[in-house]
Amino acid sequence: MSSVQQNGHVRYGITEPISLGGPTKLDLIKTKALEKYLQDAGLYESNEEALRREEVLGRLDEIVKTWIKKISRDKGLSDETIEQANAKIFTFGSYRLKVHGPGADIDTLCVGPRYATRGNCFFGELHRMLSELPEVTELHSVPDAYVPLMGFKLNGVSIDLLYAKLPLWIIPEDLDLSQDSILENADEQTVRSLNGCRVTDQIFRLVPNIQSFRTTLRCIRFWAKKRGVYSNVSGFLGGINWALLVARICQLYPNALPNMLVSRFFRVYTQWRWPNPILLCSIDDEGSSSLGLQVWDPRRNPKDCLHKMPIITPAYPCMNSSYNVSASTLRIMTGEFQRGKDVCEAMEAKEADQWDTLFEPFGFFEAYKNYLQINISASNVDDLKKWRGWVESRFRQLTLMIERHTYDMLQCHPHPHGFQEDSRPLQCSLFMGLQRKQGVSAAGGKPFDIRITIEEFRNTVYGYMLWVPGMEVSVSHVMRRNIPSFVFPGGVRPLRKSKGTWDSKRSSEERVSSTGSSSTMTSLESKAGKKRKLGDDETLNNQSKSSKRLAVSVHVEKGEDGSPNSSAGSICSAPMKDYSTKSAGESHPVEKIAIVQASPSQESEEVEDNFGFRNQVVEKVSISAITSNGSSLSNRAVEVEELEDVPMQPPVETHKASVQQRKPIIKLNFTSLGTTNAKNIRAY
């Protein structure tokens with residue numbers, strides 16, 4: 001499975017490589033620059049920390065060996081069995097791949113014999129032993145997780161400990177987990193727990209150059225975290241997923257250095273046609289006849305056909321490691337792949353000579369106008385930690401529910417991490433950006449009512465088996481301008497979007513390009529209009545009536561902070577730009593067709609439309625909404641509407657004399673959205 005010898009060279013993977021080309025002198029220089037950048041970014045741990053981790057792992061191995069001896073005696077086994085009783089610690093994940101950074105946790109697996117059960121022995125006796133050790137802190141168990149584990153800190157080093165019970169009386173010190181026979185008579189939880197170590201072993205066998213793989217993976221992990229797409233629990237990709245994606249690129253370019261591998265990473269996955277799977281090797285289903293374990297196969301398993309972005313693990317039983325990905329998160333990641341490709345091409349063309357451009361943080365709270373805020377609270381710190389972990393594990397379900405209930409018309413962007421306000425230590429918040437699906441017109445459409453969706457999500461969350469009084473969750477709809485300040489660095493809200501980032505420059509270029517092409521089109525059509533006669537009065541009146549419904553001009557009054565004043569009292573379903581040539585104090589009727597003229601500077605400014613929305617809170621049992629100032633109004637639907645532009649079109653000609661001076665009208669599809677607020681009702 002590791003490699004195939006063909007035509008004098010070793011082929012890694014299931015296909016021939018795209019290129020066998022080796023590095024140039026420029027590649028060597030750029031790779032050294034990349035490695036220095038990663039070093040300066042603090043992605044490598046010090047020698048002292050590396051030594052401390054080894055000591056901690058040695059101490060953990062001593063603890064589990066003491067534990068298994070005690071279990072053997074308690075079960076009344078023979079003296080010989082007690083003497084030979086053994087449990088062994090294995091590592092996997094980023095630590096085993098050697099791509100971890102300072103302060104990262106260590107993924108570990110404890111392998112025990114057949115008589116050491118997961119419930120009473122691992123989560124019972126071992127948990128008790130660890131709780132009595134002074135060097136162990138922050139101990140917590142998650143026995144009902146898909147892969148059950150214990151988490152704790154040992155001498156300050158974070159440990160995630162899994163357990164695998166093998167059908168053996170004695171665990172040998174030279175145990176090889178890569179053999180498929182290790183899975184015989186193993187329960188499902190053991191198979192899943194063993195999968196991490198087995199996949200890591202296979203990755204080492206399937207990549208041509210381990211060092212290039214590690215440097216490239218460090219870079220991609222750093223990029224994914226900066227761009228907000230590193231989180232398996234939120235529906236993006238986790239560490240093992242990114243490792244498999246990078247490993248496949250290394251197979252396709254076996255002789256390339258990291259700087260080229262990073263560039264090809266974005267190029268390949270920008271063009272990849274999902275849901276075609278990522279495979280490092282052929283799917284091994286031969287063992288299914290003897291072991292009976294199910295492997296990923298959409299031809300046999302209908303559920304596998306529903307996976308959006310299958311990334312298949314190379315160890316038997318081959319599974320889809322990215323089953324959490326949804327339509328919305330896939331769209332976000334493919335957009336980030338495209339951005340990465342554009343940045344790398346600009347770097348190759350010497351337009352961008354710094355890696356900083358690739359690693360610019362994603363401006364999540366600047367990207368959307370509408371957000372959901374999920375507030376999580378508990379009565380004490382321990383309860384909050386458990387409750388938060390549970391709600392975060394269900395956060396992905398909210399994305400799937402919204403997609404399903406709105407028929408994918410409302411797209412979601414979950415933030416991969418939570419936020420906590422210093423003044424409220426017993427509360428934290430999750431956020432999700434919302435927008436209407438691109439290409440779907442809002443004209444004549446109804447606002448999205450997701451009250452039932454939110455209630456379904458809350459019912460799912462409150463099904464937590466360890467729920468205790470004090471554990472609460474509330475969901476509120478907030479506009480961008482009302483995002484709480486504690487989510488921003490230093491608790492300070494930025495005054496305006498940065499104009500010097502790659503994303504802002506590209507957005508400006510696209511707007512200028514769009515405006516230029518539309519102006520050219522309008523100019524050509526205006527010249528052609530001079531050669532045509534106007535139709536009869538009836539035709540002109542029909543055109544005016546039709547345009548009245550779509551082409552509108554609404555004056556937006558700005559507050560002291562430059563944001564629109566919500567007292568203006570008009571609603572429209574597209575982000576508006578103030579193209580009006582009238583004075584600031586003069587407003588425009590909503591249904592009036594206007595001939596707008598604007599300077600380039602005005603056209604490049606975005607004015608946020610905040611009309612008709614207030615902070616809306618969905619409470620337990622009865623769905624209710626509360627205004628941002630706390631006042632309660634009548635119960636109505638929770639309306640979530642993303643405001644977006646529709647293509648520019650030339651103005652309707654109403655007077656011959658004004659044809660030469662006209663600019664294209666921004667056509668706004670608008671929907672009357674009443675303020676949706678209700679009395680705050682809470683039931684227990």
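Which residues in α1 meet P258, N259 and V262 in α9? They are D27, K30, T31 and L34. Keep in mind that this is a predicted model.

**How those two helices sit**

Two packed helices are described by the angle between their axes and the distance between the axes. For α1 and α9, the angle is about 85° and the axes lie 7 Å apart. Angles of 65 to 115 degrees count as roughly perpendicular, so that is the label for α1 and α9.

**The chain as a whole**

Stepping back, the chain has 684 residues, and 49% of them are buried. Its secondary structure comes to 17 helices and 14 strands. If you take the contacts between residues at least 6 apart in sequence, 73% of them join residues at least 24 apart. On the outside, the chain exposes about 32800 Å², with carbon and sulfur atoms supplying 50% of that area.

**What's inside**

The largest nonpolar core has 56 residues, and the members touching the most others are F213, W223, W242 and F265. Helices that each supply at least two residues of this core include α1 (25–40) and α9 (258–271), the pair from the opening, along with α6 (188–206), α7 (210–226), α8 (239–252) and α11 (327–348). The largest share comes from α8, which puts in nine residues.

W223 is a good one to click on. Setting aside neighbours within four places in sequence, W223 is in contact with V229, W242, F266, E336, F337, R339, L358 and F359. There is also a second, separate core, made of 30 residues, with V64, A85, C110 and F122 among them.

**The annotated binding site**

An unreviewed UniProt entry places a "binding site" feature at F92, G93, S94, D105, I106, D107, D160 and Y230. Two of these positions, D105 and I106, can be described in some detail.

D105 lies in the loop between α4 (93–97) and β4 (106–112). Is D105 buried or partly exposed? At 29% relative accessibility, D105 is partly exposed, because the buried class stops under 20% and the exposed class begins over 50%. Leaving out residues up to four places away in sequence, D105 touches R53, S158 and D160.

I106 lies in strand β4. With a relative accessible area of 0%, I106 is buried. Outside the residues up to four places away in sequence, I106 touches R53, L57, T91, Y95, V157, S158, I159 and D160. Note that R53, S158 and D160 turn up in the contacts of D105 and in those of I106 as well.

**Backbone oddities**

A few loop positions are worth a look for their backbone geometry. Here they are in one place:

| Position | Backbone feature | Where |
|---|---|---|
| W274 to P275 | cis peptide bond, omega near 10° | P275: loop between α9 and α10 (288–291) |
| Y316 to P317 | cis peptide bond, omega near -5° | P317: loop between α10 and α11 |
| K98 | positive phi of about 65° | loop between α4 and β4 |
| Y407 | positive phi near 55° | loop between α13 (381–405) and β9 (410–414) |

Neither K98 nor Y407 is a glycine. As for the surface, K98 is partly exposed, at a relative accessible area of 48%, while Y407 is exposed, at 67%. K98 is found in the loop between α4 and β4, which is also where D105 lies.

Notes
Residues numbered from 1 in each chain as written. Predicted model: local features only at pLDDT ≥ 70, side-chain atom pairs only at ≥ 80, totals over all residues. Heavy atoms only, no water. Core = buried A, V, L, I, M, F, W, Y, C linked by side-chain atoms within 4.5 Å. Buried < 20%, exposed > 50% of the residue type's maximum accessible area, 1.4 Å probe, protein only. Helix = DSSP H or I, 4+ residues; strand = E, 2+ residues; numbered from the N terminus. Contact = heavy atoms within 4.5 Å. Areas by Shrake-Rupley, 256 points an atom, 1.4 Å probe, with all protein chains shown as cover. UniProt positions renumbered as here; feature names shortened; annotations may be inferred. Axes fitted to C-alpha atoms, helices over the stretch in contact; angles between N-to-C directions. Parallel < 35°, antiparallel > 145°, perpendicular 65-115°, else oblique.
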